[in-house]
Amino acid sequence: MRARRLPAYALAGLAQAASMAWPWGGEPLWWLQLLSLAALAFLLDGEQRQRRGWRMPALGAWLYATAWLCGTFWWLFISMNTYGGLPGPLAALAVLFLGGGLATYYGVAGGLWGWLAPRLSTGGRVLLFAAVWTLAELVRGSLFTGFPWGAGGYAHVDGPLAGYAPWVGVYGLGTAAAATAACAGLWAMRRRTWALPLAAAVLLALPLVLGLVRSDGGPSAGTGRLKVSLLQGNIPQDEKFIPGSGIDTALRWYGEQLQKSRAALVVTPETALPLLPRQLPEGYLGAIAQRYAQGDQAAIVGVPMEDGPGRYANSLLGFGPGLAERPYRYDKHHLVPFGEFIPWGFRWFTDMMNIPLADFGRGGLPQRSFDWQGQRIAPNICYEDLFGDEIGAGFRDAATAPTVLLNVSNIAWFGDTVAIDQHRAISRMRALEFERPMLRATNTGATVVIDHRGRVTHELPRLTRGALEAEVEGRSNITPFAWWVSRFGLAPLWLLSLLVLGMAVWRARRAPERT
């Protein structure tokens with residue numbers, strides 16, 4: 001009897017994966033994420049009603065999360081198999097082990113719920129479900145440098161819950177989604193009271209009220225408009241580092257675009273120039289520096305940097321008037337495990353792949369913005385825009401806070417897959433959290449302009465070569481989320497979730513078991 005419920009957990013988890021973007025691409029589906037989490041709450045409550053202890057809830061939650069996570073970042077298989085040369089079965093096992101390992105956090109959360117819920121009221125169970133879900137999300141986003149790709153809140157860049165983002169960020173939004181879904185799931189199981197659907201309705205309507213509160217204080221202040229050109233080279237990943245092929249194409253095309261563009265700011269993708277400065281043709285960087293040394297134009301160029309023997313950084317260089325001799329520089333802070341650094345004990349794994357890997361150095365946090373034409377442009381590189389708390393570190397002082405966010409990426413490693421759509425949604429969430437426009441210059445997509453309301457206003461077709469010409473308006477207000485995360489990081493969410501868990505433990509030790 002117990003095993004019959006396990007496929008339901010897996011199906012619900014796959015629905016959660018689909019909510020991040022349909023397998024064939026597109027925007028996230030907020031309603032499907034709520035439905036998926038409601039199904040999880042329904043299934044877990046069913047285990048409790050049949051008095052199955054904590055083991056079955058732990059197993060069910062683990063299976064749910066494994067299906068969700070593997071279904072979300074299955075495209076890692078492409079980077080390891082297609083471009084890394086790892087045999088297909090081993091690449092599939094690597095994705096499964098990663099998903100299953102990260103799912104352990106959610107299995108622990110399910111076990112805690114199964115242990116404590118029988119002695120809590122229905123309302124207490126809703127709060128506990130939201131708290132343990134949030135703790136699992138926070139642990140996944142921080143432990144071992146964190147891998148929060150596909151966190152539940154990213155499904156809500158559209159829909160009624162999006163209004164929580166500028167107040168509590170993606171994890172707080174995920175908490176609200178979990179509470180809403182728990183209300184629906186527990187009500188579907190019990191149907192004893194209308195308090196649960198009423199609470200869910202309040203949680204869905206509250207962002208509208210919060211939006212009115214903020215609008216009464218005045219909309220975010222504009223800081224002027226900036227014309228930009230975002231370059232998308234579409235260099236195939238299997239040619240990117242090959243002399244006479246991808247390298248020559250990249251140097252020629254990006255060089256031409258940087259010379260002829262008339263936009264106020266020109267931006268290339270991550271590692272658009274795939275060589276260290278000393279490996280570039282003689283005078284190449286100097287020509288770019290001189291091109292932007294005078295006038296009313298600037299450029300931000302992705303290039304790996306070398307600071308001494310074996311000391312590398314994934315960097316951006318900014319060129320403009322007064323910067324010919326000493327360009328602006330941004331070094332990536334949050335590095336990708338197995339891509340930019342090799343975790344201790346895993347050298348054997350990376351040695352199995354034909355991918356040029358090296359241990360990169362980390363940039364500081366926060367780093368200064370690139371100041372240009374009245375805008376403070378804060379770059380982040382690829383995977384870094386997953387970490388809103390780290391981006392938020394630059395917002396502590398309103399006088400120096402960024403007015404525009406910039407992400408440069410190269411996710412050609414993952415082919416023409418939902419990774420592109422998922423990454424666009426991540427950037428949209430950052431725009432919502434900080435009420436800042438987000439510019440994205442990528443190798444294969446999604447090269448877009450996102451306004452301060454999280455809406456995509458301009459986009460290049462993916463897997464094409466071109467320049468996206470657009471105009472962006474900077475913003476200067478500080479959202480509630482930006483204010484508290486710049487001072488306390490994610491500690492308030494940790495503390496609140498742990499407080500609810502602690503109260504549940506205290507209550508469970510003193511109350512009789514309920515049904």
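**Strand β9 and its neighbours**

Leu 439 in β9 stands opposite Val 449 in β10; helices (H or I, at least four residues) and strands (E, at least two) are DSSP runs, numbered from the N terminus. This is a predicted model, in which local features need pLDDT of at least 70, side-chain atom pairs count only at pLDDT 80 or more, and totals for chains, interfaces and linings use all residues. Residues are numbered from 1 along each chain as its sequence is written, and side-chain values use heavy atoms, with hydrogens and water left out.

β9 and β10 (residues 448-450) pair in the antiparallel sense over 3 bridges, where pairing takes at least two DSSP bridges between two strands. Their hairpin has 5 residues between the strands, and Gly 445 takes a positive phi near 130° there. With β8 (residues 404-409), β9 pairs in the parallel sense over 5 bridges, and Asn 407 stands opposite Arg 440 in β9.

So how does β9 sit in the structure, enclosed or not? Of the 5 residues of β9 (residues 438-442), 5 are buried, so the strand is largely enclosed by the rest of the structure; buried means under 20% relative accessible area (1.4 Å probe, protein chains only). In a regular strand, side chains alternate between the two faces of the sheet. Here, Met 438, Arg 440 and Thr 442 point one way from β9, while Leu 439 and Ala 441 point the other way.

Further along comes helix α14 (residues 480-488), with Phe 481, Ala 482, Trp 484, Val 485 and Ser 486 as its buried residues. Just after α14, Gly 489 takes a positive phi of about 60°.

Conventions
Buried < 20%, exposed > 50% of the residue type's maximum accessible area, 1.4 Å probe, protein only.
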